[in-house]
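Work through the exercises below with the sequence and coordinates open. Each task is followed by a solution in steps.

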Amino acid sequence: MTHPTAACPHAADVPWRAARLPPGVERVSHAILGVQAADAEASADCATELRALLTQVDGPGHLECMRFVDPEGLHCQVFLAYWLDAAAYQRWRASPAVDGWWRALPRDSAVGVWCEAMSLPLTRFQYGAGNDRIAGMVTLTGVEPSTKFGYWGGYRDRIPASVEDKFLSPVQQVPAPNERDTRGRRLRVEAPDNLCYLREGQSWDEAGAEEREVWQREMDATVTDWVATLRDEPERTGCLSVRFCREWDAGRDSALERQSQIVFALSLHHIERAARTIPTHLAVKDSFLRMHANATFEPRMHVWVEMFILKRGELVADYVNCHPRTGLLPYFEAVEVA
Ligand code: HEM
């Protein structure tokens, strides 16, 4: 392990929080469900039906909504659903209402639907943030103080199973994207061992005027640039799918002052290398640490990450009627499913 202050001299100034791992929890589930269409209106009915299904018996213990426009110009509505008990997810997914809805999705519609569902032990999960606000999976597990922060290798050290597993991918380079015909089809993608899923979040809704100024002056545009590099340069960064989402208040139908990047990378090793070398990430990391070291205010921005390392078979990635560049579709073998 690198010494905590070796890479980031201001790291000691941040009240870091990591996930608490509740005893008795074995396998958790997280599903990224999305609908895509030429505009939000065209997918509105489909998204409303999906949201209603997510409130049914055995539905997620925690749900967040987001929107983004993908590089093909399609408007996507995304539901991030979290279950502390993977068996409850399986029951929800297999229920007649959910399974019947999924099977009845029309192939000739202008709307594409996907479900990327992962079920795995919490020993391959990590969360990190600079204060005690919560989001994602830790709304169900809770958080606790941790010293595994502020140095390269911190993400890895916070994953309990990293003491015995390096999480190496059998695939060294992002494969050349495959432009197969995917519309009108129901496809399931088979991903290789040790795929790395991460959700990075930034919320500035509780920040005061001075902190907002730091966000706007030093961080906002730099984060956008950094994430664009991850999305647009898969060979250099190891990133397969990068969705830059605005978080959404579904009740009020309005944008929140929160954003999340939903990323699948070939491995933790690939994304670590990108984070340690690409200047825009180094700049935003330093701004964040400097702000904590020099602040004349209490920073309330919620800058956080959650990560899952997925063994082969732990991710079920299904795409119905989606365009060929959706999610993991361009990169791996896909089989037709019912
Ligand atoms: C406001 C935005 C961001 C800030 C302030 C920030 C800050 C940091 C800091 C302080 C670290 C040091 C490690 C730690 O303490 O856990 C770190 C590591 C890392 N960040 Fe960011 N980051 C931001 C956005 C992102 C985004 C959007 C991604 C990817 C999509 C990302 C990927 C990573 C990775 C993979 C590491 C781990 C490197 C390692 O452990 O060797 N970061 N970041």
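## Exercise 1: the pairing of strand 4

Strand 3 (residues 62-69) pairs with strand 4 in the antiparallel sense, over eight bridges. The model is a predicted one.

Task: state which strand besides strand 3 pairs with strand 4, name a bridge partner on each side, and decide whether strand 4 is enclosed or open.

Solution.
1. Strand 2 (residues 27-37) also pairs with strand 4 in the antiparallel sense, over nine bridges.
2. On the strand 2 side, Tyr82 of strand 4 is the bridge partner of His30.
3. On the strand 3 side, Leu63 has Ala81 of strand 4 as its bridge partner.
4. Strand 3 and strand 4 form a hairpin with five residues between the strands, and Gly73 in this hairpin has a positive phi near 90 degrees.
5. A residue counts as buried when 20 or more other C-beta atoms lie within 10 Å of its own. Eight of the nine residues of strand 4 (residues 75-83) are buried, so strand 4 is largely enclosed by the rest of the structure.

## Exercise 2: two positive phi values

Task: locate Asn194 and Asp253, give the phi of Asn194 and of Asp253, and classify Asn194 and Asp253 as buried or exposed.

Solution.
1. Most residues other than glycine have a negative phi.
2. Asn194 has a positive phi, near 65 degrees. The loop that holds Asn194 runs between strand 8 (186-189) and strand 9 (195-203).
3. Asp253 also has a positive phi, near 55 degrees. Its loop joins strand 10 (239-249) and strand 11 (254-265).
4. For Asn194, 22 other C-beta atoms lie within 10 Å, so the residue is buried.
5. The exposed class requires 12 or fewer such neighbours. Asp253 has 10 C-beta neighbours inside 10 Å and is therefore exposed.

## Exercise 3: the shell around the ligand

Task: describe the residues that surround the ligand by number, by element and by class.

Solution.
1. The ligand is surrounded by 26 residues, and the closest are Trp152, Gly154, Glu200, Ala275 and Phe288.
2. At least two shell residues each come from helix 6 (154-157), strand 9, helix 7 (209-232), strand 11, helix 9 (268-277) and helix 10 (279-294).
3. Helix 10 gives the largest share, five residues.
4. Sorted by class, the shell holds 14 nonpolar, seven polar and five charged residues.

Terms used:
Residues numbered from 1 in each chain as written. Predicted model: local features only at pLDDT ≥ 70, side-chain atom pairs only at ≥ 80, totals over all residues. Helix = DSSP H or I, 4+ residues; strand = E, 2+ residues; numbered from the N terminus. Near = placed C-beta within 6 Å. Nonpolar A, V, L, I, M, F, W, Y, C, P; charged D, E, K, R; others polar. Pairing = 2+ DSSP bridges.
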